[in-house]
Amino acid sequence: MKDKNRNIRVILFVGGVMAVLLMLVLGIREDFLMLEAVMLGGTGIILLLLKKPAWIIYLQILYCCVNKFLISQFSMPSAINYITDALMILSFLLAIKIFCQKFEPYYFSAPIFIAVFFFVCGTLSALFQQVDFLLLVWSYRNLMRFYIFFFSCVVLLDFRDVQNMMRLFAWVFHANILSVTFQFWIQGYSQDNLGGLFGTQMGCNGYMNTFLCIYLSYVCIMYMSKKISFKYFLYVSAGSLYIAALSELKFLFVEYIVILIVSAILSRFSVRVVLMAVGACIGLYAGIQLFEQFFPGWEFSIDQVIEYAGQGGYSTENDLNRLTAIQRISSEFLHGIVNQLFGFGLGSCETSSFFNSSFFVQYGETLHYTYLLHAFLFLETGFVGLFLYLGFYICISIKAVQFRKYVDFDMKPYCEAAAIASLTCILQSVYNNALRVENSGYLAYLILAIPFICMKDKERLEDAIEKDDKSKCNRTCIQHGEIS
């Protein structure tokens, strides 16, 4: 074992030296100086994190909450986005190592099978459609990284880490209220450019929406479980709706109602349910009034919501629409039963800063299908791929509800929060493309991993108790002379 550890340290040392030499070479060019500084600092941090793999997940989550802020507010290069890829790969390698060493039950075979089947179908479709290999690999990077991160979270984290993560989310929430207030009232940002810690780039409010859904799901369930006070529930609700009003997150008002309803269904009826309903109504009324003050003409009526979601395009008249995107894609692009079932293949409609698919070159700037995750997925993987992708979230929600019956009392609300968050992921898949972006995608898949982390810790605790009981039994038997 000592020789094995020594070999690992030697490999890491050699790899570190090579990385430093490469960065020194890159540093000759001025435009790489900032990236080099980040990589040098990151290398040292990573070497320290290897001693405690769970810390890599902590760093990943914290970094996802602030890196867009660093880019938009402090002019950091957009290349720092790829640091999340390095952290994801590192955590995955360590998770694989632990997974192979410890034969523990992780209970994630069902969702992992769905994810694998999704990529198998998408890859076979891509091979049949002769999609360029580079585009296929880039599609893997954009989609598979979150499933890999999900696996790493389950293997590397324990329940104490989950509790720490939610404490971190609380601080991020407080900081977002302050930063959104400053950006809106002082800097003049609004709508799609108002994202708090998630920056001020176009679409940043979509990442904020994912974060708020996660934290609202957690707070609502924790309130119903008598873990937090009514005052804190009101504070988080009011803060979330305040952010939604300033950044024109209309959909969050709908998601908030869904979260409240599902929270009430998962909890026993009590006075807290009534108080939650009353507080939510007050918060919704205040939030809607604030929204209409800054964006007049929006009434939040059912007819207007349906009209907004079902008519026109996402941002222009020619864009795909949230409710009719599938119908339009089926009629205009995916001709034939095979194409409708399996799409054009993973990578066939991809785009990046480095290269673009022929489909994106022809239709990307007119349809803006990349703005809607479900439309993007339907083009590439058809009905089969889209159902498998959404089936992953449904499976997580079902498993979370099942697991809450078996885990400890303290773990139960965390499983319920994950069940609600997974349902909001389905809504967000239709609403925007935030779950394809690292800042919001990693946050969502961390929450989806929680039920399996809780079950894993439950098994560990039961095994420890069983071993302790056997040890006590053996000592008792020895004392009575029953074991020689």
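A residue is called exposed when its relative accessible area is over 50%, buried when that area is under 20%, and partly exposed in between. With this yardstick in hand, a loop residue makes a good starting point. Gln130 has a relative accessibility of 71% and therefore counts as exposed. This residue sits in the loop between H5 and H6. Its backbone deserves a look too: Gln130 is not a glycine, yet its phi is positive, at about 60°. These values, like the others below, come from a predicted model.

A second loop residue invites comparison with Gln130. Tyr107 is placed in the loop between H4 and helix H5, the latter covering residues 109-128. Its phi, near 65°, is again a positive value in a residue other than glycine. Is Tyr107 buried, partly exposed or exposed? Its relative accessibility is 30%, so Tyr107 counts as partly exposed.

Stepping back to the whole chain, the secondary structure is quickly described: there are 18 helices and 0 strands. The chain has 484 residues, and 51% of them count as buried. Its accessible surface comes to about 23,100 Å², and carbon and sulfur atoms account for 66% of that area. What share of the contacts with a separation of 6 or more joins residues 24 or more positions apart? In this chain the share is 75%.

Helix H3 offers a friendly way into the packing of these helices. H3 spans residues 54-74, and helix H4 spans residues 83-101; the two pack at an angle of about 160°, with 10 Å between their axes. An angle over 145 degrees counts as roughly antiparallel, and H3 and H4 are therefore described in that way. The crossing of H3 past H4 is left-handed. On the H3 side, the contact is formed by Ile56, Ile57, Leu59, Gln60, Tyr63 and Cys64, while H4 supplies Ile83, Thr84, Leu87, Met88, Leu90, Ser91 and Leu94. Sorted by class, the residues of this contact of H3 with H4 comprise 10 nonpolar, 3 polar and no charged.

H3 also packs with helix H7, which covers residues 159-187. Here the angle is about 5° and the axes are 11 Å apart. Since angles under 35 degrees count as roughly parallel, H3 is roughly parallel to H7. From H3, the residues Ala54, Ile57, Tyr58, Ile61, Leu62, Cys65, Phe69 and Gln73 take part, and they meet Arg160, Asp161, Asn164, Met165, Leu168, Phe169, Val172, Gln183 and Gln187 of H7. The contact of H3 with H7 holds 11 nonpolar, 4 polar and 2 charged residues.

A further partner of H3 is H6. The axes of H3 and H6 cross at roughly 135° and come within 9 Å, and this angle makes H3 oblique to H6. H3 passes H6 in a left-handed crossing. Ala54, Ile57, Gln60 and Ile61 represent H3 in this contact, and Phe149, Ser152, Cys153 and Leu156 represent H6. Of the residues in the contact of H3 with H6, 6 are nonpolar, 2 are polar and none is charged.

H6 itself, covering residues 133-156, also contains Tyr147. With a relative accessibility of 6%, Tyr147 counts as buried. Which residues touch Tyr147 once its neighbours within four places in sequence are left aside? They are Ala115, Phe119, Tyr389, Phe392 and Tyr445. One of these partners, Tyr445, is 298 residues away from Tyr147 along the chain, yet the C-alpha atoms of the pair are separated by 7.4 Å.

Gly391 gives a similar picture of residues brought together by the fold. It belongs to helix H16, residues 373-403, and is buried, with a relative accessible area of 16%. Between the C-alpha atoms of Gly391 and Ile114 there are 7.3 Å, although 277 residues separate the two along the chain.

The last residue to visit is Gln428, in helix H17, which runs over residues 412-431. Gln428 has a relative accessible area of 1% and is therefore buried, whereas Gln130, at 71%, counts as exposed. Apart from neighbours within four places in sequence, Gln428 is in contact with Asn209, Thr210, Cys213, Glu255 and Leu435.

Technical notes:
Residues numbered from 1 in each chain as written. Predicted model: local features only at pLDDT ≥ 70, side-chain atom pairs only at ≥ 80, totals over all residues. Heavy atoms only, no water. Helix = DSSP H or I, 4+ residues; strand = E, 2+ residues; numbered from the N terminus. Buried < 20%, exposed > 50% of the residue type's maximum accessible area, 1.4 Å probe, protein only. Contact = heavy atoms within 4.5 Å. Areas by Shrake-Rupley, 256 points an atom, 1.4 Å probe, with all protein chains shown as cover. Axes fitted to C-alpha atoms, helices over the stretch in contact; angles between N-to-C directions. Parallel < 35°, antiparallel > 145°, perpendicular 65-115°, else oblique. Left-handed = near helix turned anticlockwise from the far one by under 90°. Nonpolar A, V, L, I, M, F, W, Y, C, P; charged D, E, K, R; others polar.
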